[in-house]
Amino acid sequence: MPVLAVMFAAALFAVSCSNARADVPPVEQRAQALNRSIMCPVCPGESIDQSQVALAAQMRGIVDEKLAEGWTDEQVREFFVERYGPSVLLQPPTEGVSLAVWILPPVGIVAALAVFVLVVRNMRRKPDYDAGDMKSALSDDDLQAYYDRVEASVPDTNIDIQGRDGQGS
């Protein structure tokens, strides 16, 4: 029963939010969208919609004026780009050299995932040789000669290289 009440409240909230948005005139909706897409020159990383600086308030007023004059959204963006440069837009342009900002991150993620998959696949693959095969590749005489050379190079201890202790056990 509580789940049903929560679902009903969520549906009621969603309907009330959609009705509130319908009450906002289209010009005001466009102004809000533009204000969220133009960066405040004084506060890097903040849109003029978020910023409380006087310049951001003036820029919001300019957006309202230009829309009232019949300008398109693109014309308003270009107006600010001419005055403050392309960095005034929170979303980088999708043309020219700026296209790399849109293309390189997904390509890098795909490349990193491909390398990860190849490394994991290579790590999970069974080795081509078995340790027992390496031992059988040497004769017993060759193996004993190898052990003798290793024991001769190791300082005198109570444990020899073949795993026997110095007591002769």
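Where is Glu28 found? Glu28 sits in helix 2, which covers residues 26-37. Keep that helix in view. We come back to it for a salt bridge.

One caution before we go on. This is a predicted model.

Now the overall layout. The chain has seven helices and zero strands. Reading along the sequence, the pattern is α-α-α-α-α-α-α. The chain has 169 residues, and buried residues make up 15% of them.

Back to Glu28. Its relative accessible area is 35%, so Glu28 is partly exposed. Glu28 also belongs to a negative surface patch. The other members are Asp64, Glu65 and Glu69.

Next, salt bridges. How many does a search of the whole structure find? The answer is three.

Take Arg30 and Asp73. Their side chains meet in a salt bridge, at 2.8 Å from N to O. This pair links distant parts of the chain: Arg30 is in helix 2, Asp73 is in helix 4, and 43 residues separate the two. Arg30 is partly exposed, with a relative accessible area of 29%. Asp73 is partly exposed too, at 24% relative accessibility.

Then Arg77 and Glu74. These two form a salt bridge, and their closest N and O atoms are 3.8 Å apart. Why are they separated by about one helical turn? Because Arg77 and Glu74 are three residues apart in helix 4. Both ends have some exposure. Arg77 counts as partly exposed at 23% relative accessibility. Glu74 counts as partly exposed at 46%.

That leaves Glu82 and Arg83. Their side chains meet in a salt bridge at 3.6 Å, N to O. Glu82 has 60% relative accessibility; the cut-off for exposed is over 50%, so Glu82 counts as exposed.

On to the aromatics. The structure holds four aromatic pairs. I will show two of them.

One is Trp71 with Phe79. The ring centres are 5.8 Å apart and the planes stand at 80 degrees, so this pair is edge-to-face. Is Phe79 buried or exposed? Phe79 is buried, with a relative accessible area of 12%. Trp71, by contrast, is partly exposed, at 25%.

Another is Phe80 with Tyr84. Here the ring centres are 6.5 Å apart and the planes are at 20 degrees, so the pair is stacked. Phe80 and Tyr84 are four residues apart in helix 4, residues 73-84, so about one helical turn separates them. Phe80 is buried, with a relative accessible area of just 1%. Tyr84 is partly exposed, at 35%.

Now put those rings together. Trp71, Phe79, Phe80 and Tyr84 form one aromatic cluster.

Last stop, Leu89. Look in the loop between helix 4 and helix 5, where helix 5 spans 99-124. Is Leu89 buried or exposed? Leu89 has a relative accessible area of 18%, and the limit for buried is under 20%, so Leu89 counts as buried. Which distance separates its C-alpha atom from that of Arg77? The two C-alpha atoms are 7.6 Å apart, with their positions 12 residues apart along the chain. Arg77 is also the salt-bridge partner of Glu74.

To recap helix 4. Asp73 in helix 4 bridges to Arg30 in helix 2. Helix 4 also holds Arg77 and Glu74. The stacked rings of Phe80 and Tyr84 are in helix 4 as well. That is where I would point the viewer while we talk.

Notes. Residues are numbered from 1 along each chain as its sequence is written. This is a predicted model: local features need pLDDT of at least 70, side-chain atom pairs count only at pLDDT 80 or more; totals for chains, interfaces and linings use all residues. Side-chain values use heavy atoms; hydrogens and water are left out. Patches are made of residues with over 30% relative accessible area and no salt bridge: like charges are joined within 9 Å, nonpolar side chains (Val, Leu, Ile, Met, Phe, Trp, Tyr) within 5 Å. Accessible areas come from the Shrake-Rupley method with a 1.4 Å probe; for residues, only the protein chains shown count as cover. A salt bridge is a side-chain nitrogen of Lys or Arg within 4 Å of a carboxyl oxygen of Asp or Glu. Lys and Arg count as positive and Asp and Glu as negative; His and the chain ends are not counted. The place of a charge is taken as NZ of Lys, CZ of Arg, CG of Asp or CD of Glu. Buried means under 20% relative accessible area, exposed over 50%, partly exposed in between (1.4 Å probe, protein chains only). Rings of Phe, Tyr and Trp (its six-membered ring) pair if their centres lie within 6.5 Å; planes under 30 degrees apart count as stacked, over 60 as edge-to-face and the rest as tilted.
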